[in-house]
Amino acid sequence: MQPRQLIRGALKTLLTAGFFILGILSTGHAAETADTDEAPGRVMARQAIREKEHWNTTDHAMHPALQQNFTSGAEITAACLSCHNEAENQFHRSIHWTWKADDSPEGAEHGKAGLSVNNFCISANRMKDKGCLSCHPGWNGVEDGINCLACHGRKKINFKEAFEDYAYFMETGDEESLQMATDIQKDIHEAVVTIGNPERENCGTCHFYGGGGDGVKHGDLDSAMAKPLKTLDVHMGIDGQNFTCVRCHTTRLHKIAGRVYTAPAASDRKSLIEDDLTTKITCESCHTATPHKTVSKANDHTDRVACQSCHIPYFARVNPTKMSWDWSKAGDRKDGKAYTIKGPLGKETYMSIKGEMVWEKNVKPEYFWYNGSIRSITAKDVIDPILTIAVSQPEGSRDDRNARIYPFKVHHGNQPYDKINKTLLAPLLSGPNGYFTLMDWKKSLTLGMEAIGLPYSGQFDFVKTTYVFPTTHMVAPKENVVSCMECHQREDSRLVNLAGFYMPGRDRVKAVDIIGWLVIMASIVGVSLHGLGRIFTNGKRKEG
Amino acid sequence: MIKKILLSIFGIWVVLSFIGVAMAAEGGNERKGKYSYRKVYKACFERGAVESEKPSISPDAKTQAQWTRVFDKKKFDEFGCAEEWNKLSEAELLDIYTYLHAHAADSPSPAKCK
C-alpha cells in the first residue's frame with residue numbers, strides 16, 4: 001500500500017469513527033427526550049382528529065320515504081332525493097359523475113369521458129367502454145341516474161340481480177316464490193337504510209382496482225388498504241388511527257378533495273392552525289410545515305422535500321403492483337386459444353388478451369420535482385414515436401418555489417399509435433367487438449377511435465411510453481422511514497436522477513473537498529504537535 | 001352374443017343416465033335454487049355455526065359432472081351446515097343442484113357467490 005493511500009485510509013477511519021460516536025451521542029439524546037418532547041406535528045395532528053365519532057340526527061330506517069318496496073335503482077334514488085334535494089345537482093357537477101377534468105387546458109378535454117389516454121388500460125373511450133363504466137356511480141352507467149348507495153351504502157348487495165329476481169318471483173306468484181320475493185325485498189330495504197359517510201370499501205371498490213384489477217393502476221392503493229395494519233399505513237391502520245378515506249379527502253358540495261392531475265390537490269399548503277376550514281388533504285393540514293422536533297434537521301427539508309419522500313420508503317408493500325404493460329405482445333394463442341401465464345407473485349405476467357406485464361412488490365419510488373400538477377397528453381396530441389413518450393409527467397422544477405421533491409410510481413408501457421397521424425390510439429377493449437373478445441387490433445382500434453371521435457389512418461404500430469402516479473398513501477411508521485444516508489450518499493442515492501443543485505453527501509465539489517481535507521490534516525498536525533510538545537516538556541507548565 | 005347384449009345394456013344405461021341428469025338439471029328452478037342455497041347459509045350463520053352468511057362453496061368450484069356426482073350421492077359433508085342441509089326437501093335440493101350445475105366451472109356462465 002502507498003503511504004498516501006495509507007494516510008487517506010487512516011483519515012477516513014478516524015472520520016468514520018468520529019461520526020459514529022456523534023451518531024451514538026445524538027441517538028442517546030434523542031431516546032432520552034423522546035417520551036418528554038413529542039414532535040409538534042404529531043401533537044397538532046392528534047388535535048385535528050380528536051373528534052372521531054360521527055353523530056346523526058336521522059335514523060334512515062325510520063324514514064317514511066324509505067318505507068316502500070323498491071323495484072329499481074331509480075326508485076331508490078328518487079327516495080333519497082325527496083329529502084336530499086340538492087344532492088343530484090351537486091353530484092352531477094362532480095368529476096365522479098362527469099369523468100371530465102373541469103380545469104383542463106383549453107381544448108384538451110382531460111378525463112375518462114374526454115380524450116385522456118394512459119399506458120395501462122389505455123382509454124375509457126369517452127365512457128363507451130362498458131367494462132370501465134362498471135365504476136361509474138350510476139345505476140346503469142350514465143343512463144339511469146345516480147346510485148347514491150355506491151358511495152353511501154354500507155351493505156353490499158347485487159341490486160341488478162335482486163331487482164330481476166324480485167320481479168321474476170312476484171310474477172311467478174306461487175307461495176314459495178312470494179316468500180323469496182319478500183326475502184329479497186327485505187335485503188334491498190336493509191341495504192337502502194344502512195347508509196352513512198363513505199367507508200373504505202365504498203371508495204376501494206373502484207380506486208383499489210383502477211386499470212382493471214387489484215393494484216394495476218396505483219402502487220399505493222390496492223385491496224390491502226381495505227383493512228391495513230399500521231405497518232402499511234399509519235393513518236388507515238385498523239390497529240392505529242383507523243382513518244377512512246374521507247378523513248383526509250374532505251368533501252364540499254359532493255366534490256372530493258385530493259385529485260392531483262390537471263391541478264394540485266390544494267392550491268396552498270395551509271394547516272388547520274392557519275385556517276380551520278381548510279381541507280385536510282395535505283400532510284401539512286394536520287402536521288403543519290414544521291412537524292418534527294425543534295432540533296430536528298428534518299424540519300429544514302419540508303420546504304423542498306415532500307413528506308411522502310421520506311415517509312413512504314416503498315410502495316406496494318403487501319400486494320404487488322403492475323409496473324409495465326407491453327400491449328404489442330398481446331394476441332398470441334396456444335392451440336388456437338387465448339392463454340394466461342402467472343408469475344412468481346401470483347399475478348398474470350402474460351395474457352393473450354392483454355399482452356406481457358411485469359408486477360413488483362416493495363417498490364422504491366422514483367423522485368421528481370413536483371408542484372402538484374401533472375402534465376398529460378391526450379389522444380389528440382402529436383407524438384414523436386422514436387422517443388419514449390411521457391403520457392404523463394410531473395410539473396415543476398427546482399426553480400419553481402411551489403415544487404418539492406416527491407415520490408412516484410412510474411409505469412412503463414408499449415401501446416398502439418397511429419403511424420400516419422402520429423397520435424396515441426384508444427382501442428375498444430371490452431364488449432362483444434372489443435379486443436378482449438376478438439383479439440383483433442384493426443377492429444378494436446377502429447371502433448375505439450370512432451367512439452372518441454378522432455381520426456384513425458388504419459395503420460398502427462407500438463410506441464414505448466411512461467405514466468406517473470404520485471405516491472401518497474401507505475405512509476410507513478416513523479421507524480421505517482427513509483434514512484438520511486439513502487439520499488445523502490454518493491453511490492445509489494435515491495435522488496441520483498435529480499440534477500442541478502448541490503446535495504451534501506451525494507455531490508462533490510473538488511475545491512470544497514480539498515479545503516476540507518486540508519483543514520482536517522492541519523487539525524491533526526496541530527493536535528499532534530501540541531501532544532508532542534507536552535510529552536517533550538514532561539507536561540510541565542511555566543510557573544508564573 | 002352375450003357380449004353384444006351386455007354392451008347394448010351398458011350403452012342404454014349410459015344414455016339413460018345422461019338423459020336423467022339432463023332432465024334433472026332442467027327440472028329444477030335455477031333462481032329458486034340460488035336463494036335456497038343462500039338461505040341455508042344465512043340460517044347457519046344466524047345460529048352461529050359459520051363465520052359468513054355467504055355460501056362457502058361457489059358454483060364455479062366444481063365442474064358440471066362433479067356437481068352431478070355430489071347430488072347423485074347426496075353427500076353434502078363438505079358444505080358444512082348439516083342441520084340446514086338435512087331440512088331441505090327433494091324439490092329444494094333439485095333447485096340448488098340446477099343452480100350449481102348451471103354455473104359450474106365448465107358451464108357457459110361460471111359464477112361465484114357474492
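Which residues of H9(A) are buried? In this predicted model, they are Met180(A), Ala181(A), Ile184(A), Ile188(A) and Val192(A). These residues lie on the same side of H9(A), because they cover an arc of only 120° around the axis. A general point helps here: an α-helix has 3.6 residues a turn, so residues three or four places apart point the same way. On the face turned away from the buried side, H9(A) carries the exposed residues Glu175(A) and Lys186(A).

The length of helix H9 (residues 175-193) of chain A also makes sense: with 19 residues at 1.5 Å a residue, a span of 27 Å is expected, and the end C-alpha atoms are indeed 27 Å apart. Both chains help to cover the buried residues of H9(A), the cover including helix H3 (73-81) and helix H8 (159-172) of chain A as well as helix H2 (30-46) of chain B. Between the two chains, 4 residues of chain B are in contact with 6 residues of chain A. The side of chain B that touches chain A is made up of 1 nonpolar, no polar and 3 charged residues.

Turning to the nonpolar cores, the largest has 49 residues, of which Tyr406(A), Leu425(A) and Ala426(A) touch the most other members. Elements of chain A that each supply at least two residues of this core include strand S11 (404-418), helix H14 (441-452) and strand S12 (460-470). Beyond its neighbours within four places in sequence, Leu425(A) has contacts that include Pro416(A), Tyr417(A), Leu445(A), Met449(A) and Phe460(A). A second, separate core of 17 residues has Ile76(A), Tyr166(A), Met180(A) and Ile188(A) among its members.

Conventions. Residues are numbered from 1 along each chain as its sequence is written. Chains are lettered from A and ligands numbered from 1 in the order in which they are written. This is a predicted model: local features need pLDDT of at least 70, side-chain atom pairs count only at pLDDT 80 or more; totals for chains, interfaces and linings use all residues. A nonpolar core is a set of buried Ala, Val, Leu, Ile, Met, Phe, Trp, Tyr and Cys residues joined through C-beta atoms within 7 Å. A residue is buried if 20 or more other C-beta atoms lie within 10 Å of its own, exposed if 12 or fewer, and partly exposed in between; C-beta atoms are placed from the backbone. Helices (H or I, at least four residues) and strands (E, at least two) are DSSP runs, numbered from the N terminus. Two residues are in contact if their C-beta atoms, placed from the backbone, lie within 7 Å. Ala, Val, Leu, Ile, Met, Phe, Trp, Tyr, Cys and Pro count as nonpolar, Asp, Glu, Lys and Arg as charged, and the others, Gly among them, as polar. The expected span of a helix is 1.5 Å times one less than its number of residues. The arc is that of the directions from the helix axis to the C-beta atoms.
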